[in-house]
Amino acid sequence: MRLFIGIFLPEEILDYLYQVQTKLKQNLPAKITWVHKKILHFNLKFIGEVYENKINEIKERLNKIKFKSFRIKLDKIGVFPNENYIRIIWVGLKPAGKIIELQQKIDSELLDLFPKDQRFSPHMTLGRVKFIKDKEQFKKNLKLEIAEKEFEVNEFCLVKSELSKDGSKYEILETYNLA
């Protein structure tokens, strides 16, 4: 089964990000697959395909993590991998320090099980770009001002992700509360 570790967002943040997506949809000359509001999340670690017999070990290791809850804010809009080859539109989070610290604790607990990818950039994917009709207009219209909406991070989740023709479907397997 396909797994990731993520943080789901409060309803008011989801509503705001949906408004941001709507503005971008109207202004970007491109074909974009937008992440549905109900599954918008902040990814701490993509684990990938895992045999079912490994899930209990992953849960036990994640249960060992002790971390205090913290507040973060939405930051600017950006793209991956770069402005010359745009495939992902994302919104950043700040301050990045606490997010990175939590992600590193998760990585260190799971390092010997999943050593392959240690790169991390605090962001939430808003959409996946399929085709851009006018790159200069796209880059100009992407410069949307984001309100610094603040929210509390008081838990993270181990999530099963199923891909289908209708998009991703998520099932939370375990929730881990932050102190």
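The following exercises, each with a worked solution, concern a predicted model.

Residues are numbered from 1 along each chain as its sequence is written. Local features need pLDDT of at least 70 and side-chain atom pairs count only at pLDDT 80 or more, while totals for chains, interfaces and linings use all residues.

**Exercise 1. The fold**

State how many helices and strands the chain has, and in which order they occur.

Solution. Begin with the elements, which are DSSP runs numbered from the N terminus: helices are H or I runs of at least four residues, and strands are E runs of at least two. The chain has four helices and nine strands. Next, read along the sequence: the order is β-α-β-β-α-β-β-α-β-α-β-β-β.

**Exercise 2. Overall dimensions**

Determine which radius of gyration the chain has, and what a compact globule would have with 179 residues.

Solution. The radius is taken over C-alpha atoms, and the globule rule is 2.2 Å times the number of residues to the power 0.38. For 179 residues the rule leads to a value near 16 Å; the chain has 17 Å, which agrees with a compact globule. The C-alpha trace spans about 50 × 35 × 25 Å along its principal axes.

**Exercise 3. The environment of Phe138**

Decide whether Phe138 is buried or exposed, and list the residues that it touches.

Solution. First, locate the residue: Phe138 belongs to helix α4 (residues 135–141). Second, apply the cut-offs: buried means under 20% relative accessible area, exposed over 50%, and partly exposed in between (1.4 Å probe, protein chains only). Phe138 counts as buried because its relative accessibility is 0%. Third, find the contacts, defined as heavy atoms within 4.5 Å. With residues up to four places away in sequence not counted, Phe138 touches Leu28, Pro29, Ala30, Ile32, Ile86, Ile89, Val129 and Ile132. For the chain as a whole, buried residues make up 43% of the 179 residues.

**Exercise 4. The largest pocket**

Describe which residues lie nearest the centre of the largest pocket, and which elements give two or more residues to its lining.

Solution. A pocket is an open set of points on a 1 Å grid over the protein atoms alone, with protein on both sides within 12 Å along at least five of seven lines; lining residues have an atom within 4 Å of a point. The largest pocket has 35 lining residues, and Asn43, Phe46, His123, Thr125 and Arg128 lie nearest its centre. Two or more lining residues come from each of β1 (2–8), β2 (30–34), β3 (41–49), β6 (123–132), β8 (155–164) and β9 (167–177).

Methods. Heavy atoms only, no water. 1 Å grid on protein atoms, 1.4 Å probe; cavity = no way out; pocket = protein on both sides within 12 Å on 5 of 7 lines; lining within 4 Å.
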